[in-house]
Amino acid sequence: MSNQAAAPVENDIRGVLIQVAGGRLLLPNATIAEVLSYAEPDAVPDAPDWLLGRIRWRGWQLPLVAFARLAGLAKERGGLGSKVVVLRALGGNPRAPYFALLTQGFPRLVTVSRDTLMVVEDNNPLPNGVQARVLLNEDAAFLPDLGAIEDQIGAAMAQIA
């Protein structure tokens with residue numbers, strides 16, 4: 001009898017499916033710092049419509065992004081049942097180590113493996129802020145391009161500063 005069958009598969013990662021208006025996002029679980037109940041953000045004058053404002057979290061002022069608006073999927077607004085997912089920024093800017101995404105409901109933990117994840121190859125252009133369309137088992141989702149989103153947040157904040 002082989003021990004290999006009982007060994008955990010090292011290529012599996014823990015992910016989360018996050019519901020946004022017009023679709024789902026698939027993110028590595030490690031990028032999520034916290035999930036909060038939605039509260040109206042502080043307005044940011046002259047911000048693009050996808051930048052809903054700033055929220056206070058652990059001493060930080062985090063930009064709150066409506067991904068569905070950024071990507072052109074839907075005119076998403078926060079409200080009853082909405083959540084805010086605080087994400088660890090990947091860009092390495094010590095003054096902006098986090099940002100927040102508006103979501104619809106709680107993220108769902110999933111296991112992502114080579115057998116369950118498939119990139120959807122079609123000729124349709126990808127929405128803004130998306131690096132790929134994927135299928136996780138039967139769930140269609142977008143892989144967000146967090147670096148590009150962070151760049152757009154940085155550019156928007158620099159213009160209104």
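These are my notebook entries on a predicted model of a single chain.

**Confidence.** I began with the pLDDT, which averages 90 over the chain, with 93% of the residues scoring at least 70. I then looked up residues 1–7, where the pLDDT is below 50 and where the model shows 0 contacts beyond near neighbours in sequence. Where pLDDT is low, predicted coordinates should not be read in detail, so I take nothing further from residues 1–7, with their pLDDT below 50.

**Overall form.** I listed the secondary structure next and found 2 helices and 11 strands, arranged along the sequence as β-β-β-β-β-α-β-β-β-β-β-β-α. For the dimensions, I noted that the C-alpha trace spans about 65 × 40 × 30 Å along its principal axes. The radius of gyration is 17 Å, which agrees with the value near 15 Å that a compact globule of 161 residues would have. I also recorded that 40% of the 161 residues count as buried, and that the accessible surface comes to about 9,300 Å², with 51% of this area belonging to carbon and sulfur atoms. Of the contacts between residues at least 6 apart in sequence, 56% join residues at least 24 apart.

**The hairpin of S1 and S2.** I turned to strand S1 (residues 13–20) and strand S2 (residues 23–28), which run antiparallel and are joined by 6 bridges. Val20 of S1 stands opposite Gly23 in S2. The hairpin has 2 residues between its strands, and there I noted that Gly22 takes a positive phi near 85°.

**Aromatic pairs.** I searched for ring pairs and found 2 in the structure. In one of them, the rings of Trp57 and Tyr98 have their centres 4.7 Å apart and their planes at 75°, which is over the 60 degrees required, so I entered the pair as edge-to-face. This pair links distant parts of the chain, since Trp57 lies in strand S4 (residues 51–57) and Tyr98 in strand S7 (residues 98–104), 41 residues apart. I checked the accessibility of both partners: Trp57 is buried, with a relative accessible area of 5%, whereas Tyr98 is partly exposed at 22%.

The rings of Trp60 and Tyr98 also pair edge-to-face, with their centres 6.2 Å apart and their planes at 65°. Because Trp60 belongs to strand S5 (residues 60–65) and Tyr98 to S7, this pair ties together parts that are 38 residues apart in sequence. Trp60 counts as partly exposed, at 31% relative accessibility. I closed the entry by noting that ring pairs link Trp57, Trp60 and Tyr98 into a cluster.

Methods:
Residues are numbered from 1 along each chain as its sequence is written. This is a predicted model: local features need pLDDT of at least 70, side-chain atom pairs count only at pLDDT 80 or more; totals for chains, interfaces and linings use all residues. Side-chain values use heavy atoms; hydrogens and water are left out. pLDDT is the predictor's confidence in each residue, from 0 to 100. Contact means heavy atoms within 4.5 Å. Two strands pair if DSSP finds at least two bridges between them. Helices (H or I, at least four residues) and strands (E, at least two) are DSSP runs, numbered from the N terminus. Rings of Phe, Tyr and Trp (its six-membered ring) pair if their centres lie within 6.5 Å; planes under 30 degrees apart count as stacked, over 60 as edge-to-face and the rest as tilted. Buried means under 20% relative accessible area, exposed over 50%, partly exposed in between (1.4 Å probe, protein chains only). The radius of gyration is taken over C-alpha atoms; the globule rule is 2.2 Å times the number of residues to the power 0.38. Accessible areas come from the Shrake-Rupley method with a 1.4 Å probe; for residues, only the protein chains shown count as cover.
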